[in-house]
Amino acid sequence: MSLAVQIRQPGGPEQLQIVDVPVGEPGPGEVRIRHHAVGLNFIDVYHRTGLYPLPLPATIGMEGAGVVEAVGPGVAHLAVGDRAAYAGQPPGSYCERRVMPAQCVCKLPDGIGFETGAAMMLKGLTAQYLLKKVRPVEGLEPGDHVLFHAAAGGVGLIACQWASHLGLQLIGTAGTDAKCQRALANGAAHAINYHTEDFAARVREITGDKGVKVVYDSVGKDTWDKSLDCLRPFGLMASFGNASGPVPPFSPAILGAKGSLYVTRQTLFTHIATRESTQAMADDLFAVVLSGAVKIHLDQRYPLAEVQQAHRDLEARKTTGCTILTL
Ligand code: NDP
């Protein structure tokens, strides 16, 4: 048996209830993991509210780290006793132990602790593909300006550091001056408080009216329109989240009017659909973390029993960097 956080119906944080669930043996291609820590991500909020519907009842959570307890037939890359971490589908990481597909589970290097492993996989792999795989047609070179919204958040603080490591001039946005300072301290070249400043005007000013080559937008509804005004001709709008709500429908004609822009909507799960791609991206992430180029800021820890408060704080924009649930 295992303690697990389940929802029986979509709704507020009060829907998150701790229950006891049976845990079986892994089948072909599966492993059983005993978690040491579990990562909290904004996608968990979308699952809880029903924005991304799940079959119910559901244990939510997409990220964790722990020890491999059992290995099913056909799994060659993991053995019983391995330290491991993962981000991936299906949801179900808010628990002590679980059986899950081995495909997305990676061995955790000795130099990375369980709590850091649990905090960094989903956010770090997301920063990896956004900065290294999603490309504007005109390419991305050291010195280029990019705009990254919610730059002091979990994905954001990793992206600030990684972009700086790649030589990019990342302009970060955040909702308070303190969060802007946090982005600057982590490699952002500029930071804009989008509650007190017109971020499109500031981006134009910073870039000498040229605009940026890429906008990475996980805020969605509230930032969409102005973000298009931040792009230079042929620039790329990389939408990857909806923290303020889904992007409303729009006419493609607007992209022509604003400079023959490109739009893409990305999800990590396409990028980690195979064992090979997952491992290659994880190796890249482990390398920047082990080298110290990217530090994982574990700013909030909550015991599993306080999961409702963890969700309240994440949605109320009270968190910065990464958050874990401890077991
Ligand atoms: P964060 O730690 O970044 O938390 C979300 C942040 O969004 C808040 O701290 C807040 O920062 C900002 N925000 C803006 N508007 C709102 C609002 N109305 N309500 C709440 N927050 C708001 O979360 P994560 O690091 O877990 O994820 C960041 C984003 O990336 C999320 O939108 C998530 O869904 C997305 N994501 C997408 C993936 C993909 O592959 N598509 C994978 C991983 C994450 P501030 O106060 O500074 O505005």
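Two strands are taken to pair if DSSP finds at least two bridges between them; the views below, all of a predicted model, use the word in that sense.

**View 1. The parallel pair β15 and β16, with the helix that links them.** In this predicted model, strand β15, which covers residues 298-303, runs parallel to β16, and the two strands are joined by 5 bridges. One position to look for is Q300, whose bridge partner in β16 is T323. Between the two strands the chain passes through helix α10, made up of residues 307-315, and the resulting β-α-β crossover from β15 to β16 is right-handed.

**View 2. The open antiparallel sheet of β2, β1 and β4.** Here 3 strands make up an open sheet whose order is β2-β1-β4, with antiparallel pairing. The edges of this sheet are formed by β2 (17-21) and β4 (58-59), each of which pairs on one side only. Strand β1, spanning residues 2-7, is paired with β4 in the antiparallel sense over 2 bridges, and at I7 the bridge partner in β4 is A58.

**View 3. The two domains and the side of domain 1 that touches domain 2.** The protein chain is divided into domain 1, which comprises 2-124 + 269-326, and domain 2, which comprises 135-265. Taken over C-alpha atoms, the centres of domain 1 and domain 2 are separated by 27 Å. Contacts between the domains involve 15 residues of domain 1 and 15 residues of domain 2. On the side of domain 1 that touches domain 2, α2 and β16 (322-326) each contribute at least two residues, and the residues of that side divide into 6 nonpolar, 6 polar and 3 charged.

**View 4. The shell of residues around the ligand.** The ligand is surrounded by 28 residues, of which the closest are G153, G154, G175, S218 and G241. Both domains take part in this shell, since at least three of its residues are drawn from each of domain 1 (2-124 + 269-326) and domain 2 (135-265). Among the helices, α1 (42-49), α2 (114-132) and α3 (154-165) each supply at least two residues of the shell. By residue class, the shell around the ligand divides into 11 nonpolar, 12 polar and 5 charged residues. Helix α2 thus appears in two of these views, as a contributor to the shell around the ligand and to the side of domain 1 that touches domain 2.

Definitions and conventions:
Residues are numbered from 1 along each chain as its sequence is written. This is a predicted model: local features need pLDDT of at least 70, side-chain atom pairs count only at pLDDT 80 or more; totals for chains, interfaces and linings use all residues. A residue is near a molecule or strand if its C-beta atom, placed from the backbone, lies within 6 Å of it. Helices (H or I, at least four residues) and strands (E, at least two) are DSSP runs, numbered from the N terminus. Ala, Val, Leu, Ile, Met, Phe, Trp, Tyr, Cys and Pro count as nonpolar, Asp, Glu, Lys and Arg as charged, and the others, Gly among them, as polar. Domain bounds come from an automatic or database domain assignment. Two residues are in contact if their C-beta atoms, placed from the backbone, lie within 7 Å. A crossover is right-handed if, with the strands pointing away from the viewer, the path from the first strand over the helix to the second runs clockwise.
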